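Here is a short walk through one protein model. Keep the sequence and the 3D view side by side as you read.

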Amino acid sequence: MIKLAPSMLSADFSAFAADAARVERAGAQLLHMDIMDGHFVPNISFGPAVVKSLLGKTGLPFDVHLMIENADRFIPEFVTAQTEYIVVHEEACVQLGRTLDLIRDLGVKPGVALNPATPLCTLDCVLEDIDLVLIMTVNPGYSGQKFRPAGIEKVRRLAEIRGERGLSFQIETDGGVGLDNARTLAAAGVDIFVTGSSLFGAADAAEWVRAFRAAVEQQ
Ligand code: DX5
Ligand code: ZN
């Protein structure tokens, strides 16, 4: 089943838990947490204390997207009873294999994100070791940016590679995703959709999710 992972970067920070509960009721499957350090990306978001503040406030598993340098140093702090995925950037990890081992040894599923300019071949040697590939369809740093359509072909090719190599990692897309491009992305092979401003900007989240489901499930 296609999963929806609302990006909490677009939530109301003064009502963080209430917004998490709201998107859960609306029909989300994961909560996407965008962690930004002001070095790897030109913005600072929130850290592990804020992620942990949602423990027990929602039943949804956490999908932690680390847009940070020195990921190895901070990864343990994002491991919680609700953390399902920790996703690091290929561009930010000098010894990617070591970082992925660290995540798995902590009992969490490892994922790798690629910026729009980073080719799929950079993952050739680690695809066997990961549970998720995140194809960025904006340059990370901010919500509300314009979708870069080059990501569609990347998703399509990645889904092919997954089939050729008999692997089962999830394909996730993040950045500028909304009701206008969800169907094309689903057809290309996306399993997990991150969405921030489109969902949180909707007057009625449940209505938005119904429209999203209708779009991605249309054949
Ligand atoms: C971008 C983040 C995204 C983003 C999603 O750096 O990783 O998760 O905030 O927001 P929208 O859907 O508004 O692009
Ligand atoms: Zn993200």
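**An enclosed strand and two pockets**

Start with strand β5, residues 109–114. Five of its six residues are buried, so the rest of the structure largely encloses this strand. Buried here means under 20% relative accessible area. Keep in mind that the model is predicted.

Now look to the neighbours of β5. Strand β4, residues 83–89, pairs with β5 in the parallel sense. Five bridges join the two. One of the contacts is easy to find: His89 has Ala113 of β5 as its bridge partner. Between these strands the chain passes through helix α4, residues 96–105. This β-α-β crossover is right-handed.

β5 also pairs with strand β6, residues 132–136. Again the sense is parallel, here over four bridges. Gly111 has its bridge partner in β6, and that partner is Leu132.

Next, turn to the pockets. The largest pocket holds about 240 Å³ of space. Its lining counts 25 residues. Nearest its centre lie Tyr142, Ser143, Asp174, Gly175 and Gly176. Four elements give two or more residues to this lining: β2 (31–36), β3 (62–67), β8 (192–195) and α7 (197–200). What is the make-up of the lining of the largest pocket, in nonpolar, polar and charged residues? Nine are nonpolar, 13 polar and three charged.

The second largest pocket has a volume of about 150 Å³. It is lined by 13 residues. Ile35, Asp37, Ile68, Glu69 and Phe74 lie nearest its centre. β2 and α3 (71–74) each give two or more residues to the lining. Seven of the lining residues are nonpolar, three polar and three charged.

Methods
Residues numbered from 1 in each chain as written. Chains lettered and ligands numbered in written order. Predicted model: local features only at pLDDT ≥ 70, side-chain atom pairs only at ≥ 80, totals over all residues. Heavy atoms only, no water. Buried < 20%, exposed > 50% of the residue type's maximum accessible area, 1.4 Å probe, protein only. Pairing = 2+ DSSP bridges. Right-handed = clockwise from strand over helix to strand, strands pointing away. 1 Å grid on protein atoms, 1.4 Å probe; cavity = no way out; pocket = protein on both sides within 12 Å on 5 of 7 lines; lining within 4 Å. Points joined across faces, edges and corners; volume = space filled by probe spheres on them. Nonpolar A, V, L, I, M, F, W, Y, C, P; charged D, E, K, R; others polar.
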